[in-house]
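Biologist: Could you take one part of this model and walk me through it strand by strand? I'd like a close look at a sheet and whatever sits around it.

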Amino acid sequence: MKNIGAKKTELNELPRISDRASFLYVDHAKISRSDSAITIHKAEGIIKVPVAMLGVLLLGPGTDISHRAVELIGDAGTSMVWVGERGVRHYAHGRALSHSTRFLEKQARLFANRNSRLKVARKMYAMRFPGEDFSKLTMQQLRGREGARVRSTYRKYAKEYKVARDKREYDIDNFEEGSVANQALSATNQALYGIVYSIIVALGMSAGLGFIHTGHDLSFVYDIADLYKAEITIPLSFEIASQYDKIDDIGRISRLAMRDKIADGKLAQRIVKDLQDLIEIKEDRVDLDILHLWDDKE
């Protein structure tokens, strides 16, 4: 007799977002289905995971997944995101974390109104300047303050790591000609964009509806990523530039360094919290205890 597995779960039977086990990252494995669970086949053995308890399944390099497993994951309302190693690249995604469009609708309402859009933009700038009042500044003034802050951050870490500070320029068609610091900044920022992008789509939000950036399908990704660059990617990039020269593979070195920097999952947890605070959604906070299944060489 044909094994049809468990019947499709009804919407009212699915666990709430807050009750799910959050993000599960899998690489170098084969994923299949057994009734209402996915089975993860690794070199160490087989792990069985009740898929309805997962919020987001992150599929890393070397992952094969069966059609039956994808069918189950879709029925359970679990999001899938195809990512680079430890999530530092975003390649593609399937369905959002929830059947609800609550996050997207709130984002769209705030985006569509001039006053509410400006309010969110000011909140984003306020996160970078704790304790300062931005309620009366125009967007031009806010951008000026941010530009000065970023330039000051470049100077600070260039001096700390004793790296010659070139003008921040990135030629997408000529990566290798950039300075080591610029190459590292480009690579770490791309990794940060991948992490932010994965979380935005997992929550069902639009990557294109930005509050500061506009006119690009990743405008909101750039908005959110900019909140963390001065703290994470800029110092990390100057540290890398102080240790390597242009004969090294700076792109790969930078991506691996960024991967290790965010491996504990605290940045992902912070991004979700910041997103919910920015658009003022307080309910169903996602508990981001990151679970990792590493390959047998780790």
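**The strands and their partners**

Modeller: Let's start with a single pairing: Val83 has His90 in β8 as its bridge partner. That is one piece of the link between β7 and strand β8 (residues 90-94), which run antiparallel and are joined by 4 bridges. Keep in mind that this is a predicted model.

On β7 itself, residues 79-83, the cover is good: 4 of its 5 residues are buried. β7 also pairs with strand β5 (residues 56-59), this time in the parallel sense, again over 4 bridges. Within that pairing, Val56 has Ser79 in β7 as its bridge partner. So much for β7; now for the open sheet.

That sheet has 4 strands in the order β4-β3-β2-β6, and its pairing is mixed. Which strands stand at the edges? They are β4 (45-50) and β6 (63-65); each has a single partner strand, so one side of each is left without a neighbour in the sheet. If you ignore direction, neighbouring strands here are turned by 25° against each other on average.

Now follow β3, residues 37-42. β3 is mostly covered, with 5 of its 6 residues buried. On one pairing, β3 meets β4 in the antiparallel sense over 6 bridges. Two of the facing pairs are worth clicking on: Ala37 stands opposite Pro50 in β4, and His41 stands opposite Ile46 in β4. The connection between these strands is a hairpin, with 2 residues taking the chain from β3 to β4.

β3 also pairs with β2, antiparallel as well, over 5 bridges. Here Arg33 stands opposite Ile38 in β3. The hairpin of β2 and β3 has 2 residues between the strands, and Asp35 in that hairpin takes a positive phi near 55°. If you like checking backbone torsions, Asp35 is one to pull up.

What lies across these strands? Helix α1 (residues 67-75) does: it lies across β2 (29-34), β3 and β6, and runs at about 65° to β2.

Stepping back to the whole chain, there are 9 helices and 9 strands, and buried residues make up 47% of the 298 residues. Among contacts between residues at least 6 apart in sequence, 65% join residues at least 24 apart. The accessible surface comes to about 15,300 Å², with 51% of that belonging to carbon and sulfur atoms.

As for the packing, in soluble globular proteins nonpolar side chains tend to be buried together. The largest nonpolar core here has 64 residues, and Met124, Ile199, Ile224, Ile271 and Leu275 touch the most other members. Helix α5 (residues 180-202) gives the most to this core, with 13 residues. Apart from that core lies another, of 16 residues, among them Ala29, Val49, Leu72 and Met80. To see what surrounds Ile199, leave aside its neighbours within four places in sequence: Ile199 is then in contact with Phe23, Ala268, Ile271, Val272 and Leu275.

One last stop is Lys229, in the loop between α6 (219-225) and α7 (233-243). Is Lys229 buried or exposed? At 16% relative accessibility, Lys229 counts as buried, because the cut-off for buried is under 20%. Its side chain and that of Tyr193 are joined by a polar contact of 2.8 Å. Not counting residues up to four places away in sequence, Lys229 touches Asn189, Leu192, Tyr193, Ile234 and Pro235.

Definitions and conventions
Residues numbered from 1 in each chain as written. Predicted model: local features only at pLDDT ≥ 70, side-chain atom pairs only at ≥ 80, totals over all residues. Heavy atoms only, no water. Buried < 20%, exposed > 50% of the residue type's maximum accessible area, 1.4 Å probe, protein only. Contact = heavy atoms within 4.5 Å. Areas by Shrake-Rupley, 256 points an atom, 1.4 Å probe, with all protein chains shown as cover. Core = buried A, V, L, I, M, F, W, Y, C linked by side-chain atoms within 4.5 Å. Polar contact = N/O pair within 3.5 Å; in protein donor to acceptor, adjacent residues only side chain to side chain. Pairing = 2+ DSSP bridges. Axes fitted to C-alpha atoms, helices over the stretch in contact; angles between N-to-C directions.
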